[in-house]
Amino acid sequence: MGSTTDTPALATNPKFIFFTDFDGTVTTADSNDYLTDTLGYGIEKRRQGNVDVLAGTVHFRDFFKGMMDSVPLPLDQCVEILKKNIVLDPGFKEFYDWSQENNIPIVILSGGMEPVIRALLDVLLGPSWNIQIVSNNVGPRPGSKSVNDENGWELKFHDDSIHGHDKSIEIRKYSSLPNRPTMFYAGDGVSDLSAAKETDLLFAKADKDLVTYCEMEGVPFVTFRDWTTISQTVKDIVAGKTNVKEAAKGRI
Ligand SMILES: [Mg+2]
């Protein structure tokens, strides 16, 4: 295989790649929602924002920037609070270990902030975890010296899209290739709309906004409640017991 600078998940020549959202998907709760609800403008305004993004009247980029701008606490203090309150999905560690043994790279595509995701994975998986992260970032607000000052940080978006991070950009580097691996995606919410149509099989978290979107848009998917069901389905596909088309059963 040639250079994989632009497609690092191909470095080990895998037959399958698992792209996934982070917040509320790898973890049970969304760390950005947690910050907004407990330290920022609160759950009601956030829920309304989700409704507006799904309805297409507000872009995720603008909604999400407003959420994060409403959190005044210094970034390092936010991270410490999240480390105490955010937990891993109950089936993720087992899936992660299995994927490592079976040459199935996991790529996190996140609308969240890279240093927050890194700090959480250090706690949740232990410091030697091996997952590529493509996400938004964080930097000092204009006029602020440090992200660790009060009102000191803001989102730095991955790209210029209406999503802030257009997750299709990374996925299409792979899907456009001939003889490419089979690709999966797992997500839960409005940060995943740009990824929903891009892979061979979409796992959408039960009872969450991504399911609503897929049904509105006619996007094939299968629901999951935690990674134990994702894990079983992927193992069955890898073993040839089922295929990505059969597995897209919608709500189960
Ligand atoms: Mg999410």
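**Close-up views of a predicted model**

**View A. Contacts of Asp30 in the predicted model.** Apart from neighbours within four places in sequence, Asp30 has Asp23 and Gly24 as its contacts. Asp30 sits in the loop that joins β1 (16-20) to α1. Around Asp30 there are 23 other C-beta atoms within 10 Å, and the cut-off for a buried residue is 20 or more, so Asp30 is buried. Ile86 is 56 residues away from Asp30 along the chain, yet the C-alpha atoms of the two are separated by 7.8 Å.

**View B. Helix α2 (residues 43-55) beside helix α3 (residues 60-69).** The two helix axes come within 10 Å and cross at roughly 170°. Angles over 145 degrees count as roughly antiparallel, and α2 and α3 are therefore roughly antiparallel to each other. From α2, the contact is made by Arg46, Gly49, Asp52 and Val53; from α3, by Phe60, Phe63 and Met67. By class, the residues of this contact are four nonpolar, one polar and two charged.

**View C. Helix α6 (residues 114-125) and its packing.** Helix α6 has 12 residues, which at 1.5 Å a residue should span 16 Å; the end C-alpha atoms are 16 Å apart, so the two values agree. Val116, Ile117, Ala119, Leu120 and Leu121 are the buried residues of α6. These buried residues pack against two helices, α1 (31-39) and α4 (75-85), and two strands, β2 (106-113) and β3 (132-140). After α6 comes Gly126, with a positive phi near 90°.

**View D. Phe19 in the largest nonpolar core.** This core has 56 residues, and those that touch the most other members are Phe19, Phe184 and Phe203. Leaving out neighbours within four places in sequence, the contacts of Phe19 are Val107, Leu109, Ile171, Met183, Phe184, Tyr185, Ala195 and Thr199. Phe184 thus appears both among the contacts of Phe19 and among the residues with the most core partners.

**View E. Met183 in strand β5 (residues 182-187).** Met183 has 20 C-beta neighbours inside 10 Å and therefore counts as buried. Beyond neighbours within four places in sequence, Met183 is in contact with Ile17, Phe19, Ile171, Tyr174, Ser175, Thr199 and Asp200. Phe19 from the previous view is one of these contacts. Met113 lies 70 residues from Met183 along the chain, and their C-alpha atoms are separated by 24 Å.

Methods:
Residues numbered from 1 in each chain as written. Predicted model: local features only at pLDDT ≥ 70, side-chain atom pairs only at ≥ 80, totals over all residues. Axes fitted to C-alpha atoms, helices over the stretch in contact; angles between N-to-C directions. Helix = DSSP H or I, 4+ residues; strand = E, 2+ residues; numbered from the N terminus. Parallel < 35°, antiparallel > 145°, perpendicular 65-115°, else oblique. Contact = placed C-beta atoms within 7 Å. Nonpolar A, V, L, I, M, F, W, Y, C, P; charged D, E, K, R; others polar. Buried ≥ 20, exposed ≤ 12 C-beta atoms within 10 Å, placed from the backbone. Core = buried A, V, L, I, M, F, W, Y, C linked by C-beta atoms within 7 Å. Expected span 1.5 Å × (residues − 1).
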